[in-house]
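Colleague: Could you walk me through this model? I would like to ask about its helices and side chains one at a time.

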Amino acid sequence: MDSIEIGLWVTGGLLVLVLVGMRVAFAAALAGLVGLIWIFWSKKGYDPEDFGWALTVAVKTAGQVPHSKVASQALSLIPTFILIGYLAYYAGLTRALFEAAKRWMAWVPGGLAVSTVFATAGFAAVSGASVATSAVFARIAIPEMLAIGYNKRFAAGVVAAAGTLASLIPPSAILVIYAIIVEQDVGKLLLAGFVPGAFSAVIYVALIVGIAVVFKSVGPPVTGFTWRQRFASLPGALPIVFVVVIIIFFVYNPFGGDAWGTPTEGGALGAFVVFCMAVLRGMKWAEFKSALLETAKLTVMIFTIIWGVLIYVRFLGFADLPGAFSDWITSLAMSPMLILICILLAYAVLGMFMDAIGMLLLTLPVVYPAVMALNGGEAVSAADSAFGMSGPMCAIWFGILVVKMAEFCLITPPIGLNCFVVAGVRPDLSVQDVFRGVMPFFVADAVTIGLLVAFPQIVLWLPTLAG
């Protein structure tokens with residue numbers, strides 16, 4: 001049995017472990033370790049006396065992965081981005097943001113739902129975690145929507161779907177993970193997420209307004225706010241804008257010249273600024289402790305998944321499965337664009353059974369080289385490429401597409417994590433209620449993904465400006 005066959009058998013075993021309910025981190029680490037042992041033992045002809053040697057080498061190889069990969073400076077972005085979100089919540093910035101959005105937008109059909117989407121998009125710009133975003137607005141927005149007669153399923157669906165925007169709008173933990181796995185520039189990927197994230201929010205808003213116009217009982221508008229009240233709500237939302245500006249300047253200096261610092265430094269400074277705002281707003285020690293604990297829990301979960309999956313990725317390298325998959329993909333008698341669409345559809349199916357981060361970590365080491373090969377390679381120019389963009393731009397474009405697919409998976413049954421979070425926060429809602437509420441947003445996401453594929457400049461405009 002050659003290394004490719006071993007790779008296929010171990011990958012099949014990994015999928016079985018995930019489907020029977022084992023956590024992705026542990027399933028990937030176990031599959032990777034078994035695969036490494038198998039690969040090394042096969043090189044000795046399966047001699048029983050050499051099994052101990054194969055086991056020792058495999059354990060040493062797997063043991064080097066956690067520190068060598070996770071010691072990357074770029075990964076320090078993740079805890080700082082998550083901390084920004086939790087500190088913003090405890091500082092009361094989320095409620096102030098929702099109040100401002102409500103006073104300015106609640107008059108349109110489906111106004112409170114529209115306000116929720118815009119407020120969630122604003123909060124996503126200081127929070128790197130979709131789950132935390134959904135949990136926060138399930139507490140803030142759903143009670144207000146129910147109080148004026150919104151359908152509870154629709155209200156829950158709005159919050160669950162809008163929470164996914166945190167996966168795309170920087171600072172985004174998933175975008176950072178993608179950049180590290182495929183070895184691309186973190187700053188440019190974060191920049192690339194701004195316009196598609198805002199675009200996704202606009203598509204959600206258009207869907208909500210359309211539903212509210214057709215079914216007038218779904219989302220009645222809220223009127224009565226004066227211009228004085230509207231302008232009075234803006235100062236409470238300005239701190240969010242300030243933090244976003246800090247992050248943008250540390251990723252990309254819009255005035256020209258070098259950026260002010262690294263994305264990691266921007267994330268750390270953003271967390272410090274929000275901490276100062278939280279203290280000024282009277283944050284108590286218990287709330288600060290909760291923010292730190294929640295940040296630590298989520299960070300440890302993400303890092304554990306990364307550790308486990310990177311052991312499996314190390315095995316894939318020895319099995320040469322990514323290279324074999326790239327060769328197979330490029331040999332297909334289909335257009336590159338059609339193959340790309342099939343890959344995105346495969347992500348939609350896979351997302352029904354896996355969480356977003358685990359899905360990307362498991363698939364990118366194999367799928368990313370294949371997509372780059374379809375376009376013409378890492379160093380291809382735009383003129384010679386299949387998708388009409390250079391290799392580095394293709395890497396950014398594909399990254400935004402797969403992260404958008406990861407957003408889609410956060411609301412896809414039966415695993416859709418955002419839906420479980422909303423149901424957990426609201427005991428009056430069942431998981432089935434939330435899944436039914438998000439169904440219209442599947443259409444919005446499909447439209448968004450289709451437009452991002454058809455018009456890559458939506459994604460590439462800001463990275464191109466940054467050079």
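Modeller: Gladly, and one definition comes before the rest: buried means under 20% relative accessible area, exposed over 50%, and partly exposed in between, with a 1.4 Å probe and protein chains only. This is a predicted model, in which local features need pLDDT of at least 70 and side-chain atom pairs count only at pLDDT 80 or more, while totals for chains, interfaces and linings use all residues. Residues are numbered from 1 along each chain as its sequence is written, and side-chain values use heavy atoms, with hydrogens and water left out.

Colleague: Is Lys102 buried or exposed?

Modeller: Lys102 lies in helix H6 (residues 93-105), where helices (H or I, at least four residues) and strands (E, at least two) are DSSP runs numbered from the N terminus. The relative accessible area of Lys102 is 10%, so the residue is buried.

Colleague: Which residue forms a salt bridge with Lys102, its closest N and O atoms being 3.2 Å apart?

Modeller: A salt bridge here is a side-chain nitrogen of Lys or Arg within 4 Å of a carboxyl oxygen of Asp or Glu. The partner also lies in H6, 3 residues from Lys102, about one turn of the helix. An α-helix has 3.6 residues a turn, so residues three or four places apart point the same way. That partner, at 23% relative accessible area and therefore partly exposed, is Glu99.

Colleague: Which residues are linked with Glu99 and Lys102 in a network of salt bridges?

Modeller: A search of the whole structure finds 9 salt bridges. The network that holds Glu99 and Lys102 also takes in Arg103 and Glu144.

Colleague: At what angle do H6 and H8 pack?

Modeller: Axes are lines fitted to C-alpha atoms, for helices over the stretch in contact, and angles run from 0 to 180 degrees between N-to-C directions. The axes of H6 and helix H8 (residues 130-147) are 10 Å apart. The angle between H6 and H8 is about 35 degrees.

Colleague: How many charged residues are in the contact of H6 with H8?

Modeller: Contact means heavy atoms within 4.5 Å. H6 brings Thr94, Arg95, Phe98 and Lys102, and H8 brings Val136, Phe137, Arg139, Ile140, Ala141 and Glu144. Ala, Val, Leu, Ile, Met, Phe, Trp, Tyr, Cys and Pro count as nonpolar, Asp, Glu, Lys and Arg as charged, and the others, Gly among them, as polar. The contact then divides into 5 nonpolar, 1 polar and, for the charged residues, 4.

Colleague: How do the axes of H18 and H21 cross, at what angle?

Modeller: Helix H18 (residues 391-409) and helix H21 (residues 457-465) have axes that come within 9 Å. Angles under 35 degrees count as roughly parallel, over 145 as roughly antiparallel, 65 to 115 as roughly perpendicular and the rest as oblique. H18 is therefore oblique to H21, crossing at roughly 135 degrees.

Colleague: How many polar residues does the contact of H18 with H21 have?

Modeller: From H18 come Met393, Ile396, Trp397 and Ile400, and from H21 come Val459, Leu460, Pro463 and Thr464. There are 7 nonpolar residues and no charged ones, and the polar count is 1.

Colleague: Which residue forms a salt bridge with Asp433?

Modeller: The closest N and O atoms of this pair are 3.1 Å apart. The pair links distant parts of the chain, 280 residues apart, with Asp433 in helix H20 (residues 431-454) and its partner in helix H9 (residues 152-163). Asp433 counts as buried because its relative accessibility is 8%. The partner, partly exposed at 33%, is Arg153.

Colleague: Which residue meets Glu407 in a salt bridge?

Modeller: Both side chains lie in H18, 3 residues apart, about one turn of the helix. Both residues are buried. Their N to O distance is 2.8 Å, and the partner of Glu407 is Lys404.

Colleague: Which helices do the buried residues of H19 pack against?

Modeller: In helix H19 (residues 417-425), the buried residues are Asn418, Cys419, Val421, Val422 and Ala423. They pack against H8, H9 and H20.

Colleague: Where is Tyr46, whose phi is positive?

Modeller: Phi of Tyr46 is near 60 degrees, a positive value in a residue other than glycine. Tyr46 counts as partly exposed because its relative accessibility is 33%. Its place is in the loop between helix H2 (24-43) and helix H3 (51-63).
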